[in-house]
Amino acid sequence: MTTTTLEPKLVQTSPVERATFTYVVRAEWIKLWTVRSTWWTVAALVVLGAGLTTLVCWGNADWLANDPEADSPGSFITWGMMIAQVCAIVMGVLTVTSEYGSGMIRTTFAAVPSRGRVFAAKAVVVASVLFVVGTLTALLGYVGGNFFLNRAGIGMSLEGDVLRAMYGSGLFLAGLAIFSMTVGFLVRHTAAAVSIVLALVFVIGNMVILIPGDFGVWLARLMPGNAGGSIAAPVPFNPDLLDAWAGLGIFVAETAALVMLALYLLRKRDA
Amino acid sequence: MIRAQGLTKTFAGKTAVNGIDFTVEPGRVTGFLGPNGAGKSTTMRMILGLDAPTSGTVSVRGHRYAASPAPLREIGALLEAHAIHPGRSARDHLRWMAASNGIPTTRVGEVLELVGLDSVAGQRAGRFSLGMGQRLGIAAALIGDPPVVVLDEPVNGLDPEGIRWVRSLARQLADEGRTVFVSSHLMSEMALMADHLIVIGRGMILADSSLQTFMAEHAASYVRVKAPRSTAVEAVLVDQHLEVKRHGDELRVQGLDAASIGDLLGAKGLVLHELTLVRSSLEDAFMTLTADSVEYHAKAADEIKAGARR
C-alpha cells in the first residue's frame, strides 16, 4: 500500500479556541426549549399555579372573611404553587433523565467532557427558568386570588410577606428543580426519579408530621419540601414550620449535600 | 492521531479490553475489526472519555480527550447507540452541539447538506429510519470539522447506496489528511473501506497491519492440483521440498506459483486435470484469526467428548 503521508489540509495547526462555560449554558438552553415536554410543563405550571390559587380564593373568600376560626388568607394566596411544585419536579428530572433514556448523555459528555460543567450549566438554565416562571405564576395567582379576597374585604397589598412569597415561590421552585435534577443524575431514570422526589416532598413530608413529640416536629421541619416551602407562602398552613429564610437555608444545605454526592458519582461512573 | 497504551477495562471482574496498545495514524482509514463483544465499543468509549480505563491510557492528538479545549473541533464521533433525543429535530440537535463548542451555526446547514438530511432537518429525530439516524450521527461527528473522526459501526442500518456513501466519505476524510477510525464486525466491509486493520478479539489485539500485509499473512493461498496419477505428482512435488496436503482426490500445494508447478510436472510428462490458484477470502482470514481467540472453548469441548468416550 502507499504510505505517503498527505499534508493534512484541514487539520488545525493552531490550538482551537477553548469552549467556555457560557457555550455550555447556551447549549443547555437550546436543549431545554427544543423538546415539547418543556413547553407543556411550563404551561401546566402556569395554569395550575395561578389557576388553582384563583379558584381556591374564590371558593374560600367568604369563609375566610366571616369565620373567626378560619385560616389566614395569607395561606391561600399562593395555594396553587403547592401543586405547581409537581411541574418543577418533572422539569428538573427530565432535563437529565431524558438524556439517559435516549443515550444522548453520551453525546453531551463527548461534547463537554467536564461533567461538573454539564451539571452546573443544566442547574443554571433550569433554575433561572423556574425562578422567572415561578415568580410570574405566583404574581398571576395573586392578581386572580386577591380579586376575590378584595371583594370579601380581606385583600392583601403586594408588600412584606406577600411580596416575599412571590419571589419566594420562584426561589423554591428553582431550588426544587435543582434538587430533582440531582436525583435524576443519581438514579438516571425518569419514573424512578419523579417518584422519589414526589414521595419525599408530598407523602413522606406530610406523614412525618404524624410522628408525636419534638422528634416528629423537627423531622417535619427538616424535610426538604417543608423546609423550602415556607418561603413560598406569606403565612404557612402549618404553624410549626421553620421561618421562611431559615427554612430556605436548610433546603439549600440539603440540596447542596445531594449535589456533592451526585457530582462525586457522576465523575466516578461511566456514562 | 489516536494512541492507546496498555488500555484495559474491566466490568465487574470481566475483562472487556485487555491491555491493548495501538496507534491510529492520520491520512488513512483504519478499520477496527472484531466480532461482537470483542471490546470495540468499549475501546471507543474510552477514547471519548465516556468510560474510564481500569488501567492504561488513551490519547487523542497527544492529550487525554477530556483535556481538549473544544473536543468537537478535535474529534468527531458517531456512537453505536444513536445517542439522540427522539423528540428533538435534526437541526436542533446539531444546533446545541455547535453551541456547546462555539462552532458557528452556519456549520449546521453545511453538515445537514453533506449527509443529505437538509430536506428533513426540521423533523423530529424519533421519526427517522435507522439509516437517517446514522446519517444524523455522522453529521454530528463532522459538526466541528475535526481532524480525527471515530465511527462506531457506521454502516449499520444503511441501504447499499448509504453504505457506498459512508465508504467514499471515509476515503475522502482520510485523503484530506484526517485520522479516520472505523469499527465494524464485517470483514467484507472493512476490506472495501480500510487501508489499515486493527483486529480485536476477546479484548486483545490479534493483528495490526496494512490490509495487504494482513491478506498475505492470514489469507493463505495454495495451488489446487488434480491429476490422474496423483501419487506420482505428489512424489515430484515433495521432492522439490514443497508443502503438499492431500484432500480427497486433490493436492493443495504451497510454496510455488501455479505456472511453475505446471512447468515442473509437464517436464516430468505428468498429465494434469486441474491447476488452480486458490486464494482464501479476507472473511476466511478473519475467521481463522478469531478462531484462535475461541480456541479454549473448542479444546474444552474435545476434552468433554474424550471424557465421555472413556
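**Note on the two-chain predicted model**

1. Glu176(B) and Arg178(B) are both buried. Their side chains meet in a salt bridge, at 2.8 Å from N to O. The model is a predicted one, and the values in this note are computed from it.

2. The salt bridges over all chains come to 22. Side chains of opposite charge can pair when their charged atoms come close. The next points take up some of these pairs.

3. Asp195(B) and Arg171(B) form a salt bridge through their side chains, with 2.8 Å from N to O. Asp195(B) sits in the loop between helix H7 (187-193) and strand S8 (196-201) of chain B, while Arg171(B) belongs to helix H6 (residues 160-175) of that chain, so the pair ties together parts that are 24 residues apart in sequence. Asp195(B) counts as buried because its relative accessibility is 17%, under the 20% limit for that class. Arg171(B), with a relative accessible area of 27%, is partly exposed.

4. Within one helix, Glu110(B) and Arg107(B) are joined by a salt bridge between their side chains (3.0 Å, N to O). Both lie in helix H4 (residues 106-114) of chain B, and three residues, about one turn of the helix, separate them. Here Arg107(B) is the buried partner, with a relative accessible area of 17%. Glu110(B) is partly exposed, at 44% relative accessibility.

5. In chain A, salt bridges also form a network. Its members are Glu28(A), Lys31(A), Glu99(A) and Lys122(A).

6. Chain A has 10 helices and zero strands. Read along the sequence, its pattern is therefore a run of α elements, α-α-α-α-α-α-α-α-α-α. The C-alpha trace of chain A spans about 95 × 40 × 30 Å along its principal axes. Of the 271 residues in chain A, 49% are buried. Taking contacts in this chain between residues at least 6 apart in sequence, 77% join residues at least 24 apart.

7. One residue of chain A gives a local example of such packing. Thr78(A) is found in the loop between helix H2 (36-66) and H3 of chain A, and it is buried, with a relative accessible area of 3%. Neighbours within four places in sequence left aside, Thr78(A) is in contact with Thr53(A), with Ala165(A), Met166(A) and Ser169(A), and with Ala232(A), Ala233(A) and Pro234(A).

8. The largest nonpolar core holds 149 residues, and those touching the most other members are Phe109(A), Phe185(A), Ile2(B), Leu94(B) and Phe181(B). H5(A) provides the largest share of this core, 13 residues. Apart from this core lies another, of 15 residues, including Val223(B), Val233(B), Leu237(B) and Ile261(B).

9. Ile2(B) shows what such a core residue meets. Not counting residues up to four places away in sequence, Ile2(B) touches Phe22(B), Thr23(B) and Val24(B), then Ile47(B), Val58(B) and Ser59(B), and further along Val148(B), Val150(B) and Phe181(B).

10. Rolling a probe the size of a water molecule over the atoms shows where empty space is left. The largest pocket contains about 590 Å³ of space. It is lined by 36 residues, and closest to its centre are Pro113(A), Gly49(B), Arg64(B), Tyr65(B) and Ala66(B). Two or more lining residues come from each of helix H4 (104-111), helix H5 (115-151) and helix H10 (244-268) of chain A, and from helix H1 (40-47) and strand S4 (55-60) of chain B. The lining divides by class into 19 nonpolar, eight polar and nine charged residues.

11. The second largest pocket has a volume of about 470 Å³. Its lining has 23 residues, of which Met82(A), Gln85(A), Gly225(A), Gly229(A) and Leu241(A) are the closest to the centre. In chain A, helix H3 (79-102), helix H6 (160-187), helix H7 (190-207) and helix H9 (224-229) each supply at least two residues of this lining. H3(A) gives the most, with four residues.

12. How many charged residues are in the lining of the second largest pocket? There are no charged residues there, and the classes found are 13 nonpolar and 10 polar. The lining of the largest pocket, by contrast, has nine charged residues.

Terms used
Residues are numbered from 1 along each chain as its sequence is written. Chains are lettered from A and ligands numbered from 1 in the order in which they are written. This is a predicted model: local features need pLDDT of at least 70, side-chain atom pairs count only at pLDDT 80 or more; totals for chains, interfaces and linings use all residues. Side-chain values use heavy atoms; hydrogens and water are left out. On a 1 Å grid over the protein atoms alone, a cavity is a set of points where a 1.4 Å probe fits but cannot get out, and a pocket is an open set with protein on both sides within 12 Å along at least five of seven lines; lining residues have an atom within 4 Å of a point. Grid points are joined across faces, edges and corners, and a volume is the space filled by probe spheres set on the points. Ala, Val, Leu, Ile, Met, Phe, Trp, Tyr, Cys and Pro count as nonpolar, Asp, Glu, Lys and Arg as charged, and the others, Gly among them, as polar. A salt bridge is a side-chain nitrogen of Lys or Arg within 4 Å of a carboxyl oxygen of Asp or Glu. Buried means under 20% relative accessible area, exposed over 50%, partly exposed in between (1.4 Å probe, protein chains only). A nonpolar core is a set of buried Ala, Val, Leu, Ile, Met, Phe, Trp, Tyr and Cys residues joined through side-chain atoms within 4.5 Å. Contact means heavy atoms within 4.5 Å.
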